[in-house]
Amino acid sequence: SIERIAGATRYDTSELIATRVIEELGEGWDGTAFIATGQDFPDALAGGVLQGHSGSVVLFSLPDSLPGVTQEQLALRRGEVDSIRFLGGTGALSATVRQGVTDALTR
């Protein structure tokens, strides 16, 4: 069967999908957090192959700021994540976002 999963924003939706994959399909972070911009699809699409192969999940971010829902999900997964893969360069995910992800996972 097909079910549409949708949140109020694309960032909420990425968190809902990640949570569903972890809780219902038995996948997890497998030690790695994948972060992609939610503003354009190529980085997430290309990185999705690597992310899927690793058995992990991906969360979306704005290019210049980390959405609260993404930050909260990362903070909840602190003990499960020991590496980060940013899908795209600093034009897609700024240094501020990268630092925000690191902070969420370490504080």
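This briefing walks through three helices, one loop and a few single residues. The model is predicted. Helix 2 runs from 42 to 54 and bends at G48 by about 35°, while helix 3 and helix 4 cross at roughly 40°. Between strand 3 and helix 4 there's a loop that holds G89 and also S94.

**Helix 2**

- With 13 residues, helix 2 (residues 42-54) spans 19 Å from its first C-alpha to its last, close to the 18 Å you'd expect at 1.5 Å a residue.
- There's a bend in helix 2 of about 35°, and G48 is where it sits.
- A44, G47 and Q51 are buried in this helix.
- As a reminder, an α-helix has 3.6 residues a turn, so residues three or four places apart point the same way.
- Strand 1 (31-37), strand 2 (58-61) and strand 3 (81-87) are what the buried residues of helix 2 pack against.
- Just after helix 2 comes G55, with a positive phi of about 75°.

**Helix 3 against helix 4**

- Helix 3 covers residues 68-76 and helix 4 covers residues 95-106; their axes come within 7 Å and cross at roughly 40°.
- That crossing of helix 3 and helix 4 is right-handed.
- On the helix 3 side, Q71, L74 and A75 do the meeting, and on the helix 4 side their partners are V101, A104 and L105.
- Sort the residues of this contact by type and you get five nonpolar, one polar and no charged.

**Helix 4 on its own**

- Helix 4 has 12 residues and reaches 16 Å between its first and last C-alpha, close to the 16 Å expected at 1.5 Å a residue.
- Its buried residues are V97, R98, G100, V101, D103, A104 and L105.
- V101, A104 and L105 are among those buried residues, and they're also the ones that meet helix 3.
- The cover over the buried residues of helix 4 includes strand 1, strand 2, helix 3 and strand 3.

**The loop between strand 3 and helix 4**

- G89 is in this loop, and its relative accessibility is 43%, so it counts as partly exposed.
- Along the sequence G89 and D43 are 46 residues apart, yet in space their C-alpha atoms are 9.1 Å apart.
- S94 sits in the loop as well, but S94 is buried because its relative accessible area is 11%, under the 20% cut-off.
- Leaving aside residues up to four places away in sequence, S94 touches P63 and D64.
- S94 and D64 are 30 residues apart in sequence, with 5.3 Å from C-alpha to C-alpha.

**E23 in helix 1**

- E23 belongs to helix 1 (residues 10-25).
- Its relative accessible area is 61%, so E23 is exposed, given that the cut-off for exposed is over 50%.
- From E23 to A95 it's 72 residues in sequence and 31 Å in space, C-alpha to C-alpha.

How values were computed
Residues numbered from 1 in each chain as written. Predicted model: local features only at pLDDT ≥ 70, side-chain atom pairs only at ≥ 80, totals over all residues. Heavy atoms only, no water. Helix = DSSP H or I, 4+ residues; strand = E, 2+ residues; numbered from the N terminus. Expected span 1.5 Å × (residues − 1). Bend = angle between axes of the 7 residues up to and from the residue. Buried < 20%, exposed > 50% of the residue type's maximum accessible area, 1.4 Å probe, protein only. Contact = heavy atoms within 4.5 Å. Axes fitted to C-alpha atoms, helices over the stretch in contact; angles between N-to-C directions. Left-handed = near helix turned anticlockwise from the far one by under 90°. Nonpolar A, V, L, I, M, F, W, Y, C, P; charged D, E, K, R; others polar.
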